[in-house]
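Me: Please take a close look at a single part of this structure. Describe its burial and its partners, then put the part in the context of the whole chain.

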Amino acid sequence: MPTLGKISEILPDDQYLLINDRVYLTFDVDWACDEVLEDTIELVESFDVCATWFLTHRTPLIDRLRDHGKFELAIHPNFNRHLKGEAEVGETAEDVVDELLKIVPEAKAVRSHSITQGSVLNKIFADRGLYHESNDFIPERSGVTLKAWKIWNGLIKVPYFWSDEVDALWPGGTEIVELTKREGLKVFDFHPIHIFLNTIDLSVYEQTREFHRIPEKLIAYRQEGFGARSKLIKILESCS
């Protein structure tokens, strides 16, 4: 039975972690309101497993995540404003990272929002001790057996092969439990909003944007069927 690990435990030369006995659950918080985030935290807590949380903002729930012995905190910086020319005058990519590290100073791993990456960002990350970077998405349907690798400045690149967003856009992939048994590095990416909605069809997510911070209304739109929440539960059950 596979077990669940943390992103910062991955070492490129440790083949033990690259076969069928380790799975990695990651969560991109994406500014979820506290009630939506707490829903995901409670679900994962109930299985008492390891997980990596890529945080986007300050929330009272950080202490709850921090105090859980099997969770690790990482950062999820958003550089989209810079790409769109909407950043404040003088704001740099370094500023974006540094502001998040004020909230999560212990972070050792990073995944950018929109998986923005490049050599300049790689240097910023490594200079701040963020030595595990998960910005490479290689879909499980590619058939590629994944592994981590180290680049010139010591940064360890940790690819992931499944995302709830992509799964909703591109249905019909490999059955979720079978993916936990696949050879190679197995990193899953979930988002609290999709777990709350049990997203199957992204149109429901888009149509409910006005309620994303009003959970008492949003819950009425939770989808029936085998969506993001159901698939997370399947992974947790198969790896606990």
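Reply: A residue is called buried under 20% relative accessible area, exposed over 50% and partly exposed in between, with a 1.4 Å probe and protein chains only as cover. This is a predicted model, in which local features need pLDDT of at least 70 and side-chain atom pairs count only at pLDDT 80 or more, while totals for chains, interfaces and linings use all residues. Residues are numbered from 1 along each chain as its sequence is written, and side-chain values use heavy atoms, with hydrogens and water left out.

The part chosen is strand β2, residues 22–28. Strands here are DSSP runs of E with at least two residues, helices are runs of H or I with at least four, and both are numbered from the N terminus. In β2, 7 of the 7 residues are buried, so the rest of the structure largely encloses the strand. In a regular strand the side chains alternate between the two faces of the sheet. One side of β2 carries Arg 22, Tyr 24, Thr 26 and Asp 28, the other Val 23, Leu 25 and Phe 27, and both sides are covered.

Pairing of two strands requires at least two DSSP bridges between them. Strand β1 (residues 3–5) runs parallel to β2 and is joined to it by 3 bridges; Arg 22 of β2 has Thr 3 opposite it. With β10 (residues 187–190), β2 shares 4 bridges, again in parallel, and Tyr 24 has Val 187 of β10 as its bridge partner. A parallel pairing with β3 (residues 51–55) adds 3 bridges, with Phe 54 of β3 opposite Asp 28.

After β2 comes the loop that leads to α1 (34–45), and Asp 30 lies in it. The phi of Asp 30 is positive, near 50°, in a residue other than glycine, and its relative accessibility of 21% makes it partly exposed. Trp 31 is also placed in the loop between β2 and α1. Its phi is about 60°, positive although the residue is not a glycine, and at 31% relative accessibility Trp 31 counts as partly exposed.

As for the whole protein chain, there are 11 helices and 10 strands. Of its 240 residues, 55% count as buried. Counting contacts as heavy atoms within 4.5 Å, residues 24 or more positions apart supply 64% of those with a separation of 6 or more. The C-alpha atoms fill a box of roughly 45 × 45 × 35 Å along the principal axes.
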